[in-house]
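Open the model in your viewer and keep a selection box ready. This tour goes from stop to stop and says what to pick at each one.

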Amino acid sequence: MTSDRRFAFVDLETTGGNTATDRITEIGIVRMTDGEVVDEWSTLVNPGVPIPPEIQALTGITNAMVREAPPFAALVEAVAARLDGWTFVAHSARFDYGFLKSEFRRLGRRFLADVLCTVRLSRRLDPGHARHGLDAVMARHGLPPIDRHRALGDARLIAQFYALMRRTRPADELEGAIAHLLKRPALPPHVPEERLLQVPDEPGVYVFRGINGIPIYVGKARNLRERVFAHFYADSRDANDARLTAEIRDVEVEETAGEFSALVREIELIRSCAPLYNVALRRREGACFIEVDDVIEVPGGWRIRPLANLDPRRPERLHGPFGSRQGARAALAALGREHRLCDRALGLWTADRACFSRQIGRCLGLCCGEESAADHQRRLRAALAPLAFARWPFDGRAELIESDPARGRWQRLLFDHWCIVDPATGEAGPFDLEIYKLLRRTLARRPEAFSGRRSTAGPRSLAAAAAAVSPSAPAVPSIA
């Protein structure tokens, strides 16, 4: 027999699928302990917005039916009383759980529960089947339809599915599947559990602090609660997680309007706090660029420019970035082989005779006077072109506003030539490699997210930013 769990099987009918704009029209809850139904409850809900015709056709719930129904605000206490202390079970649970969270949030309340998704449970128990929607589960297990697409009817169906699995599957198999899906972390011993339970399941950043409040780790998440707790699972493969569990003394969280804001804030906090275990995102002091001369002023016509000397407003000759001088030289060597460049010009050959590539027929002869320096410089610039530092694609500053209407939260982020503008001073901060990479990715994928006057300055604008991260770029050791 499986252990005695308190399950509340929940189904909602709604006006649509967007938690920010749609509302609940019906709630159904079936509570079960030890495999036996304890009680059932359902109610229509006045959503306060019209029900689209296609939703009325699907559910049979019309605008007339909900006109005299109570709004969610009048039902919140009854819903909370029925779900508090019970495991929340639903088919595609993220949908139902998300809608309830949003309704509670609009009333200034929080809703948190352990969540079991029966879609995921079905997949775990029957991995050989491709379909795990409620209709497919009904057909596979011979469950009779009971008021399909009505809240109480669908809640009864998923309760019947669980009861059937309880009768027909080995207890250890079912219990193991449920335990895996409901696994709880081994919480750090030096942090009160209630402190961790206060972490919201919203986007944002978190800071783990050790002895004397020293920051030891900064992270970002779409769901802070899930991400923070994930550090403490016994089966975590991250070696840092075990050390964090032992060393953490407190956790601080900061909600953001969305994932982009969280990414920017994470980078800022790592730069300012220098936490012990954020090795990957610490400033790479050895990062650098390759600068190519328009006129050959130095041997080979190129030099390595350290990141600290970068002026993002003057990117015309820069290529990269690279993690180190060694990485930049390795990139030049790879490009030299591909484009038949001269080893001597690339700093790979110092002997006073034809370079090695020339000896094997791969160099066009700069080192022995058979190619002009100007021609070689032109070919070097062409070889490096896919790695060109992208020109800022706006005339002046650009703004990104990230918002979450359901939480009433928005954030305005202003950037100037790849640098974030400090909202307190109005000044652009120093160039940060991680901000640059984040902005390039976002501009390539969602250029419409930014508002600002587009630049017409030339080929190293938005198209170059997108091309620089495309799979067609040469596979050289750059960190861009």
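Start with the aromatic side chains of this predicted model. Show every Phe, Tyr and Trp ring; with centres within 6.5 Å as the criterion, there are 23 aromatic pairs.

Select F260 and F450. How are their rings arranged? The centres lie 6.4 Å apart and the planes meet at 85°; edge-to-face begins over 60 degrees, so this pair is edge-to-face.

Now colour by secondary structure. F260 belongs to helix α12, residues 259–273. F450 belongs to strand β15, residues 450–451. The two are 190 residues apart in sequence, so the pair ties together distant stretches of numbering.

Switch on the surface. Are these two residues buried or exposed? F260 is buried, at a relative accessible area of 5%. F450 is buried as well, with a value of 5%.

Keep F450 and add F394. Here the ring centres are 6.3 Å apart and the planes stand at 40°, so the pair counts as tilted. F394 sits in the loop between α15 (373–384) and β12 (398–404). F450, in strand β15, is 56 residues away in sequence, and the pair links distant parts of the chain. Both F394 and F450 are buried.

Widen the selection. Which residues do ring pairs join into a cluster around this spot? Pick F260, F289, F389, W392, F394, F415, W418, F431, Y436 and F450: ring pairs link them into a cluster.

Next, go to R225 and F229. The charged end of R225 sits over the ring of F229. Set a distance from that end to the ring centre: the value is 5.2 Å.

Move on to strands β2 (residues 24–33) and β3 (residues 36–44). They run antiparallel, and eight bridges join them. Select R31 in this stretch; it stands opposite D39 in β3. Then look at the turn. The hairpin has two residues between the strands, and D34 takes a positive phi near 55°.

Last stop: colour by pLDDT. The chain mean is 85, and 90% of residues reach 70 or more. Where is confidence highest, and where lowest? The high end is β2, at a mean of 97. The low end is helix α17, residues 462–467, at a mean of 40. Select residues 458–480, where pLDDT is below 50. In the model this stretch has 52 contacts beyond near neighbours in sequence.

How values were computed:
Residues numbered from 1 in each chain as written. Predicted model: local features only at pLDDT ≥ 70, side-chain atom pairs only at ≥ 80, totals over all residues. Heavy atoms only, no water. Phe/Tyr/Trp six-rings, centres within 6.5 Å; stacked < 30°, edge-to-face > 60°. Helix = DSSP H or I, 4+ residues; strand = E, 2+ residues; numbered from the N terminus. Buried < 20%, exposed > 50% of the residue type's maximum accessible area, 1.4 Å probe, protein only. Lys NZ or Arg CZ within 6 Å of the ring centre and 35° of its normal. Pairing = 2+ DSSP bridges. pLDDT = per-residue confidence, 0-100. Contact = heavy atoms within 4.5 Å.
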